[in-house]
Amino acid sequence: MAARGRCHPTYPASLFALQFPIEQVPEYAQRFPAEPDDPGLAIGRGARARGYYTLREFRTICRWKSARSAPLVARNTAGRVKVATTVGLRASSSEIERMDALRSLDGVSWPTASVLLHLAYPERYPILDWRALHALGVRDRSSYNQRFWEAYVGEYVRLIGLSGVDGRTLDQALWQWSKEQPN
C-alpha cells in the first residue's frame, strides 16, 4: 500500500543517532524475549485488511501497551473505535489526521497510537517507546508532538532500509539494545 502524506521531519537529523552498529540489528533482535508477537501482528493485519480495529482488538492492543490505561480505554464505544481507527488506518489520511484520530480515543496517547499503527503497518511505523528512543540516542523525553513523531517515523523507515530487516525486527533490536545497557 502506498504511503501518503510522507513524513517531513523538521527536527535536525542529529536528533537521532543509532547507538550501536547497524550491522548488529539482527543480533540484538535475536536476543529479544521470546514473547510471541504473532497475536498482536495478526490483529494488526486484520485491522489493516478490514480498515479499522474492532472494540475487542482495540482493547487487547491497548492492554498490551499499557495495562494502566484500561479504565480509560473501557470508556470507548465500538462506534468511536471504528470511526477513529478507520481514519487512523486509511491510506488517504495525513499523518496529522491519523494521529489526531487515534489520540482522540480515551486512554490513547502517542505511544499507544504508535502501537496501533505499528501492528497494522510495521514497515511504516515504529513503536514510540522509551527503550527504542534510548537506542536512537534520545533520553528523558516525557512529551511528544507531531513534528517529533514524523521525524521519528522518518528515521525508523531510513533504518529499515539501511539494515535490510523488516520493521518488527528493527523495533525488537532497538528495545533489546536498550534493555542490555547498564542503568
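**An all-helix chain, question by question**

Q: How many helices and how many strands are there in the protein chain?
A: This is a predicted model. Reading along the sequence, you get α-α-α-α-α-α-α-α-α-α. So the tally for the protein chain is zero strands and ten helices.

Q: What is the radius of gyration of the protein chain, and how does it sit with the globule rule?
A: For 183 residues the globule rule gives 16 Å, and the chain comes close to that, so it is as compact as a globular protein of that length. Its C-alpha atoms fill a box of roughly 45 × 35 × 30 Å along the principal axes. The radius of gyration itself is 16 Å.

Q: Which helix gives the most to the largest nonpolar core?
A: That core has 51 residues, and Tyr53, Phe58, Trp149 and Tyr152 touch the most other members. Leaving out residues up to four places away in sequence, Trp149 touches Trp110, Leu117 and Leu128, among others. The top contributor, with eight residues, spans residues 146–163: helix H9.

Q: Is His118 buried or exposed?
A: His118 is found in helix H7, residues 110–120. Beyond its neighbours up to four places away in sequence, it touches residues including Tyr125, Tyr156, Arg168 and Asp171. Its relative accessible area is 0%, and the cut-off for burial is under 20%, so His118 counts as buried.

Q: What share of the 183 residues in the protein chain is buried?
A: The accessible surface comes to about 9300 Å², with 53% of that belonging to carbon and sulfur atoms. As for residues under the 20% cut-off, they make up 48% of the chain.

Methods. Residues numbered from 1 in each chain as written. Predicted model: local features only at pLDDT ≥ 70, side-chain atom pairs only at ≥ 80, totals over all residues. Heavy atoms only, no water. Helix = DSSP H or I, 4+ residues; strand = E, 2+ residues; numbered from the N terminus. Buried < 20%, exposed > 50% of the residue type's maximum accessible area, 1.4 Å probe, protein only. Contact = heavy atoms within 4.5 Å. Core = buried A, V, L, I, M, F, W, Y, C linked by side-chain atoms within 4.5 Å. Rg over C-alpha atoms; globule rule 2.2 N^0.38 Å. Areas by Shrake-Rupley, 256 points an atom, 1.4 Å probe, with all protein chains shown as cover.
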